[in-house]
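I opened a fresh page today for a protein model and wanted to look up how its parts pack. My entries follow in the order in which I checked things.

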Amino acid sequence: MSATCALYSFCGILFCAWVAVLLSTQPFYLTGIEDVDEAKKNAIGAMGLFMVTLAYSIYKIQFPSEKETIEPDGPEGYQLNTGATEYGSY
């Protein structure tokens, strides 16, 4: 899960950086934007949030949380349905 979040965050950083550069250099290519400076500030803010998510995802990849493993109860390490006595009987 953390690797997926890291990849998504990396793509988000690239996209937000591209939008910020495009808003800085050629804002006339993006139609429908009333305030270019506000849009650029929002793109940079979103890029910052993606950076925080990427940093946390990398941290969780490097230091995963402890998972509790379930040990099988059956003989020879197999985990079978031990509650039923015979199959097909009532």
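**Entry 1: the crossing**

I began with the handedness, and I noted that α1 passes α2 in a left-handed crossing. I should record at once that this is a predicted model, and I read every value below as computed from it.

Next I looked up the geometry of the pair: helix α1 covers residues 2–25, helix α2 covers residues 36–62, and the two pack at an angle of about 160° with their axes 8 Å apart. Because angles over 145 degrees count as roughly antiparallel, I wrote down α1 as roughly antiparallel to α2. I then sorted the contact of α1 with α2 by residue class, and found 21 nonpolar, six polar and two charged residues.

**Entry 2: the whole chain**

I stepped back to the protein as a whole, which has two helices and zero strands. Of its 90 residues, 17% are buried. I also looked at how far along the sequence the contacts reach: among contacts in the protein with a separation of 6 or more, 61% come from residues 24 or more positions apart.

**Entry 3: helix lengths**

I checked each helix against its expected span. For α1, with 24 residues, I found a reach of 34 Å from the first C-alpha to the last, close to the 34 Å expected at 1.5 Å a residue. For α2, the 27 residues should span 39 Å at 1.5 Å a residue, and since its end C-alpha atoms are 39 Å apart, I noted that the two values agree.

**Entry 4: buried residues in α1**

Which residues of α1 are buried? I listed A6, S9, G12, I13, C16, V19, A20, L22 and L23, and I noted that what covers the buried residues of α1 includes α2.

I took S9 in helix α1 as one case, and it counts as buried because its relative accessibility is 0%, where the cut-off is under 20%. Leaving aside neighbours within four places in sequence, I found S9 in contact with F50, T53 and L54.

I then turned to G12, which also lies in helix α1 and counts as buried at 9% relative accessibility. From G12 I looked across to L49, which is 37 residues apart from G12 along the chain, and I noted a separation of 9.4 Å between their C-alpha atoms.

**Entry 5: buried residues in α2**

For α2, I listed A39, A43, M47, L54 and S57 as the buried residues, and I noted that they pack against α1.

I looked more carefully at A43 in helix α2, which is buried with a relative accessible area of 9%. Not counting residues up to four places away in sequence, A43 touches C16, V19 and A20. I also looked up A43 and F15, which are 28 residues apart in sequence and 9.1 Å apart in space, C-alpha to C-alpha.

My last case was S57, also placed in helix α2: is this residue buried or exposed? At 5% relative accessibility, S57 counts as buried. With neighbours within four places in sequence left aside, I found S57 in contact with S2, C5 and A6.

**Entry 6: looking back**

I closed the page by setting the two lists beside the packing: the buried residues of α2 pack against α1, and the cover over the buried residues of α1 includes α2. I kept the angle of about 160° and the 8 Å between the axes as my summary of how α1 and α2 pack.

Conventions
Residues are numbered from 1 along each chain as its sequence is written. This is a predicted model: local features need pLDDT of at least 70, side-chain atom pairs count only at pLDDT 80 or more; totals for chains, interfaces and linings use all residues. Side-chain values use heavy atoms; hydrogens and water are left out. Axes are lines fitted to C-alpha atoms, for helices over the stretch in contact, and angles run from 0 to 180 degrees between N-to-C directions. Helices (H or I, at least four residues) and strands (E, at least two) are DSSP runs, numbered from the N terminus. Angles under 35 degrees count as roughly parallel, over 145 as roughly antiparallel, 65 to 115 as roughly perpendicular and the rest as oblique. A crossing is left-handed if the near helix is turned anticlockwise from the far one by less than a right angle, and right-handed if clockwise. Ala, Val, Leu, Ile, Met, Phe, Trp, Tyr, Cys and Pro count as nonpolar, Asp, Glu, Lys and Arg as charged, and the others, Gly among them, as polar. The expected span of a helix is 1.5 Å times one less than its number of residues. Buried means under 20% relative accessible area, exposed over 50%, partly exposed in between (1.4 Å probe, protein chains only). Contact means heavy atoms within 4.5 Å.
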